[in-house]
Amino acid sequence: MYERTLRKHERILGSNHPDTLITRSNLALAYKMTGDLDRAFPLGERTLTDYEQNLGSKHPATLQARSNLATIYQATGNLSRARSLFEAALADCERVLGDAHPLTQVVRAHLRSFR
């Protein structure tokens, strides 16, 4: 369903529309959850890059995409890259969203799993 929705969004809305980016991110996470890391990884990378280019590196959606990509790296076993993405996401979440924001708390919890 995500694949079909992504194709439709890209065709109708364009590849950089916020709804397209959300759908691409959801598809990357769905691939990760089903163990299809070969598809999850490039899609997660592309999604983060597009969010950074279109919304900026400190936008909440970009911070979420960075955290999502970190979970994909974690699933692939690249723990050093996952940790560095989580650390960058946490620093920006704290600065932009504050300590009490749900995303900040989720990223912090992910980082705790490395200790």
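**H3 against H4.** I started with this helix pair in the predicted model. H3 and H4 pack with their axes 9 Å apart, and I get an angle of about 160 degrees. Anything over 145 counts as roughly antiparallel, so that is the label for H3 and H4. I also looked up the handedness, and the H3/H4 crossing is left-handed.

Next I listed who makes the contact. From H3 I noted Leu37, Ala40, Phe41, Gly44, Glu45, Leu48, Tyr51, Glu52 and Leu55. H4 answers with Ala61, Thr62, Ala65, Arg66, Leu69, Ile72, Tyr73, Ala75 and Thr76. Sorted by type, the residues of this H3–H4 contact come out as twelve nonpolar, three polar and three charged.

**H1 against H2.** Then I went to the N-terminal pair, H1 (residues 2-12) and H2 (residues 18-33). Their axes lie 9 Å apart and the packing angle is about 155 degrees. H1 and H2 are therefore roughly antiparallel, and their crossing is left-handed.

On the H1 side I wrote down Tyr2, Glu3, Thr5, Leu6, His9 and Glu10. They meet Asp19, Thr20, Thr23, Arg24, Asn26, Leu27, Ala30 and Tyr31 of H2. I sorted the H1–H2 contact as well: five nonpolar, five polar and four charged residues.

**Cores.** Which residues have the most contacts inside the largest nonpolar core? I found Phe86 and Val107, in a core of 18 residues. At least two core residues come from each of H3 (37-55), H4 (60-76), H5 (79-96) and H6 (102-112). H5 gives the largest share, with six residues.

I checked the neighbours of Val107, skipping residues up to four places away in sequence. Val107 touches Ser67, Phe86, Ala89, Leu90 and Cys93.

There is also a second core, separate from that one, with seven residues. Leu27, Ala28, Leu43 and Ile72 are among them. Two of these names were already in my notes: Leu27 from the H2 side of the H1 contact, and Ile72 from the H4 side of the H3 contact.

**Asp92.** Last entry: a charged residue that I wanted to place. Asp92 sits in helix H5. Is Asp92 buried or exposed? Its relative accessibility is 7%, and the cut-off for buried is under 20%, so Asp92 counts as buried.

What does Asp92 touch, leaving out residues up to four places away in sequence? I noted Ser57, Lys58, Leu63, Arg66 and Leu97. Arg66 had come up before, on the H4 side of the contact with H3.

Methods: Residues numbered from 1 in each chain as written. Predicted model: local features only at pLDDT ≥ 70, side-chain atom pairs only at ≥ 80, totals over all residues. Heavy atoms only, no water. Core = buried A, V, L, I, M, F, W, Y, C linked by side-chain atoms within 4.5 Å. Buried < 20%, exposed > 50% of the residue type's maximum accessible area, 1.4 Å probe, protein only. Helix = DSSP H or I, 4+ residues; strand = E, 2+ residues; numbered from the N terminus. Contact = heavy atoms within 4.5 Å. Axes fitted to C-alpha atoms, helices over the stretch in contact; angles between N-to-C directions. Parallel < 35°, antiparallel > 145°, perpendicular 65-115°, else oblique. Left-handed = near helix turned anticlockwise from the far one by under 90°. Nonpolar A, V, L, I, M, F, W, Y, C, P; charged D, E, K, R; others polar.
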